[in-house]
Structure formats: structure tokens, C-alpha cells
Amino acid sequence: MTMVRANGITLHTQRLDPPGPAVDGRTGPTPTAVLIHGMASDTMASWYFTLAEPLSRAGFPTVLYDLRGHGRSERPATGYALDDFVDDLAALLAALDVTGPLLLLGNSFGGTIAFGYAARHPERVAGIVTVESAPPVPEWMRRVRERLARVADRLPRAGAVTEIGARRGRVAAQRAAETHRMLTDTSLAQELPASPLPTAGALAAIDCPVLCLYGGDSAVVELAPTVRGLLPQTRVVVLPDQRHTVLIDRPEEVRRQVFAWLAEDCSLDVAQPTTA
């Protein structure tokens, strides 16, 4: 793991080089897999312990990083609009000298960053995978605003973090406490919901294969028709009885769906991973 200076801040980054031959792309060079985690309580760890190593073992150069303000990355007081996160990604790829095609994978709001990047640079993106996410459309951003407002209201209350720990365990309590610090120390809750958004035309111009995974018991699945209407090439997969934490709760099924999509929709010569 390394610290990389990009877009004026320091980002905590990890690169995983394939241990064997690169993937046979059949239609072009092997894309670099870039894994983007979600907002507030998430870090690169959610991808590191689920899909990063299987992708690397399958032959994909793989990049993970902590978003600005998250994990071990620098936490500036301001600069939390969608464009800032897209700028960070573009600058990080330049700093790492990643110049070829990209396979962008995003969990929750990380998927929105992936769509935002692809709207700017459609020629760079060979495929997009999102888990419990949506493109930066007004309805999704409205939900983000409401979610951030609820969290910002709840966490400062006396006993809130302790209650989360009692219900969901020590790790959840630590993440809640860190989220509270982030929302206190930064303008994230104000800037992100007010972000300027790509036009519908720019989003609709994304023509690469897309896979969107949703939990059947999550409210985010309600946005699946919007995604399909905007990007009709999208493969939508709904995992029954799963909530927003599907990446962590069902990593084997997420991996199975991603590798099937890579082979079938992206024409990449990959096999299902044989180990977790």
C-alpha cells in the first residue's frame, strides 16, 4: 500500500499485479480493474476482502484506493462534490501511469463516481460494475442527500454509537464513530448533495457493458428501471433477501455474477475463481 499525491491531496492506494498472464481481451488490451468504495462508512477494505484478489489472480491489473476523507487518505475540510471525486480518480490514474482501458467497479456511491468518470471519458471505460448504486441522476442524489442528513442528525446524539455497537458489533461502531468525525470535520454532507450532475445525454452516451447488482430487500433496487432506461445495455441482477450490504454479506455470489458478466458481456477470457 502506498500514498499517492493526486489532484492536490494524498490518496491511500494499493496496486495488485496479476501473478500470471494477463486476461485475453479478444477485442483489445486487458483493462485495469479500478475498485471504488462507497461513501462515509466505507473504505477500500470492502473490495480488498471480496473481489480485488480474485480479479488480480484472473489476470487483471487491479487498483484500489481510499476516497478523499476516507480510510487513510487525506481529509481536506472541503472539496466533496461529485466532480472532486471524479477529478481525484482521473488524477490518480495519471499519477499511476494507468493509460489503457478501464474496468470500473463501484460499491454504493463508488458506482456513481464510476458513472461520473465514464460520462467524461467514455472512450477509456471498457466496462462498469456497480453494487447497490446508480448513475448521478436527480432521484439518486435526492436519496443520497436524505441519507446523509439522517446520519448527520443521528450520530451526534448521546449513546448513538454505543447503540450501533450493541446491535451490529464493534466494527460497525468504529465505522459509525469515524463517519461522525468525517461529517463533523468536512463539508461532505453539504457539498455532495448539491453536486452539479452530468447531463442525461452525457450519461446515455456511455456505451460500454454495464452490470448493476442489487439486494432484493434494499430500496436502491427501485432505481433499476431508471438505470435500464438510461443505459439499455445494462445487465441488472437482483439478489433475493439481501440489503445494501450485499457486497460484504454475499461476496461469493457477487464474484460469480461479475465473472459471468465479464465472460459473456465483455468478451473476456476469464473463468470463475476457484478460491475465495
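# Notebook: rings, strands and loops

I began with aromatic rings and counted 2 aromatic pairs in this predicted model by the ring-centre rule. I wrote out one of them: Tyr 48 and Phe 49 pair edge-to-face, with 5.1 Å from centre to centre and 90° between the planes. I gave both values because a pair of aromatic rings is described by the distance of the centres and the angle of the planes. The label edge-to-face follows because planes over 60 degrees apart are given that name.

I then looked up how far the two residues are covered. Tyr 48 is partly exposed at a relative accessible area of 25%. Phe 49 has 65% relative accessibility and counts as exposed.

**Whole chain**

Next I took the protein chain as a whole. I found 11 helices and 8 strands in its secondary structure. The C-alpha trace spans about 55 × 40 × 40 Å along the principal axes.

Which radius of gyration does the protein chain have? I read 18 Å, and a compact globule of 276 residues would have a value near 19 Å, so the two agree.

I looked up burial next: 53% of the 276 residues in the protein chain are buried. I also looked at contacts with a separation of 6 or more, and residues 24 or more positions apart account for 74% of them.

For the surface I noted about 11700 Å² exposed by the protein chain, with carbon and sulfur atoms supplying 52% of it. For the charges I noted 27 positive and 30 negative ones, whose mean positions are 5 Å apart.

**Pro 19**

I went to Pro 19, which sits in the loop between β2 (9-16) and β3 (32-36). Is Pro 19 buried or exposed? I found a relative accessible area of 65%, so Pro 19 is exposed.

Beyond its neighbours within four places in sequence, Pro 19 is in contact with Ser 56 and Arg 57. I also took a distance to Met 141, which is 122 residues away from Pro 19 along the chain; their C-alpha atoms are separated by 39 Å.

**Val 63**

My next entry is Val 63, in strand β4 (residues 62-65). Val 63 has 1% relative accessibility and counts as buried, because the cut-off for buried is under 20%.

Which residues does Val 63 touch, not counting residues up to four places away in sequence? I listed Thr 13, Gln 14, Arg 15, Thr 32, Ala 33, Val 34, Leu 35 and Leu 96. I checked these against the strand ranges I had: β2 covers 9-16 and β3 covers 32-36.

I added one distance here. Val 63 and Ala 52 are 11 residues apart along the chain, and their C-alpha atoms are separated by 8.2 Å.

**Two loop residues with positive phi**

I looked up Asp 97 for its backbone angle. Asp 97 is not a glycine, yet its phi is positive, at about 60°. Asp 97 is placed in the loop between α2 (82-95) and β5 (102-107). Its relative accessibility is 60%, so Asp 97 counts as exposed.

Ser 108 also went into the notebook. Phi of Ser 108 is near 55°, again a positive value in a residue other than glycine. Where is Ser 108 placed? I found Ser 108 in the loop between β5 and α3 (109-120). Ser 108 has a relative accessible area of 14% and is therefore buried.

**Thr 130**

I moved on to strand β6 (residues 125-131), where Thr 130 lies. Thr 130 is buried, with a relative accessible area of 0%.

Setting aside its neighbours within four places in sequence, I found Thr 130 in contact with Gly 106, Gly 111, Phe 115, Leu 211, Cys 212 and Leu 213. I took the distance for one of these: Thr 130 and Leu 213 are 83 residues apart in sequence and 6.2 Å apart in space, C-alpha to C-alpha. Gly 106 falls in the range of β5 (102-107), and the range of α3 (109-120) takes in Gly 111 and Phe 115.

**Thr 234**

My last entry is Thr 234, in strand β8 (residues 234-239). Is Thr 234 buried or exposed? I read a relative accessible area of 4%, so Thr 234 is buried.

Apart from its neighbours within four places in sequence, Thr 234 is in contact with Val 210, Cys 212, Val 227 and Arg 228. Cys 212 had already come up in my notes, among the contacts of Thr 130.

Notes. Residues are numbered from 1 along each chain as its sequence is written. This is a predicted model: local features need pLDDT of at least 70, side-chain atom pairs count only at pLDDT 80 or more; totals for chains, interfaces and linings use all residues. Side-chain values use heavy atoms; hydrogens and water are left out. Helices (H or I, at least four residues) and strands (E, at least two) are DSSP runs, numbered from the N terminus. The radius of gyration is taken over C-alpha atoms; the globule rule is 2.2 Å times the number of residues to the power 0.38. Buried means under 20% relative accessible area, exposed over 50%, partly exposed in between (1.4 Å probe, protein chains only). Contact means heavy atoms within 4.5 Å. Accessible areas come from the Shrake-Rupley method with a 1.4 Å probe; for residues, only the protein chains shown count as cover. Lys and Arg count as positive and Asp and Glu as negative; His and the chain ends are not counted. The place of a charge is taken as NZ of Lys, CZ of Arg, CG of Asp or CD of Glu. Rings of Phe, Tyr and Trp (its six-membered ring) pair if their centres lie within 6.5 Å; planes under 30 degrees apart count as stacked, over 60 as edge-to-face and the rest as tilted.
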